[in-house]
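Me: I would like to go through this structure with a few short questions. Please keep the answers plain.

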Amino acid sequence: MARTTAQPAARGVGASLIKGPETDAIARYLRRTQPTVNVTDRGVYLKADAPDEIIIDLAEVSAEFGRPLEIEDVLIVLASYFGEIDPQRGARPGAGRLVLRADSLSDRSQEDEGIR
């Protein structure tokens, strides 16, 4: 895959994923299902960012990957992230999801007021 440069989200949510088969399946899933997610090849890792939310559905990523994945399979390739993270374990392998959400601007302004 060729290395490309893209504009990151001005604010929002993002993740750096270590390259490998699981990350390839996640990237295919994100490109197919979430057009607001920007996926950029950074050499040894992929950067995914969006203005508001990134949802990684394990059932759909498992179908892309060819075997059931658990939340730990996703977390192990997640090198870093920004925004809020909500890993949701499924009742069985291949179920559950990882949700990354941007902090809302109203939440940020309320936190800033509390600091002053």
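Me: Over how many bridges do E4 and strand E7 pair?
Reply: This is a predicted model, in which local features need pLDDT of at least 70 and side-chain atom pairs count only at pLDDT 80 or more, while totals for chains, interfaces and linings use all residues. Residues are numbered from 1 along each chain as its sequence is written, and side-chain values use heavy atoms, without hydrogens and water. Strands (DSSP runs of E, at least two residues) and helices (H or I, at least four) are numbered from the N terminus, and two strands pair if DSSP finds at least two bridges between them. E7 covers residues 96–101, and its antiparallel pairing with E4 counts five bridges.

Me: Which residue in E7 is the bridge partner of Ile56?
Reply: The bridge from Ile56 leads into E7. The partner there is Leu98.

Me: Which strands stand at the edges of the sheet?
Reply: The open sheet has three strands in the order E4-E7-E6, paired antiparallel. Two of them have a single partner strand each, so one side of each lacks a neighbour in the sheet. These edge strands are E4 (53–57) and E6 (84–89).

Me: Within what arc do the buried residues of H2 fall?
Reply: Buried means under 20% relative accessible area, exposed over 50% and partly exposed in between (1.4 Å probe, protein chains only). In H2 the buried residues are Leu58, Val61 and Ser62. They line one face of the helix, because, seen down its axis, they fall within an arc (taken from the directions from the axis to the C-beta atoms) of 105°.
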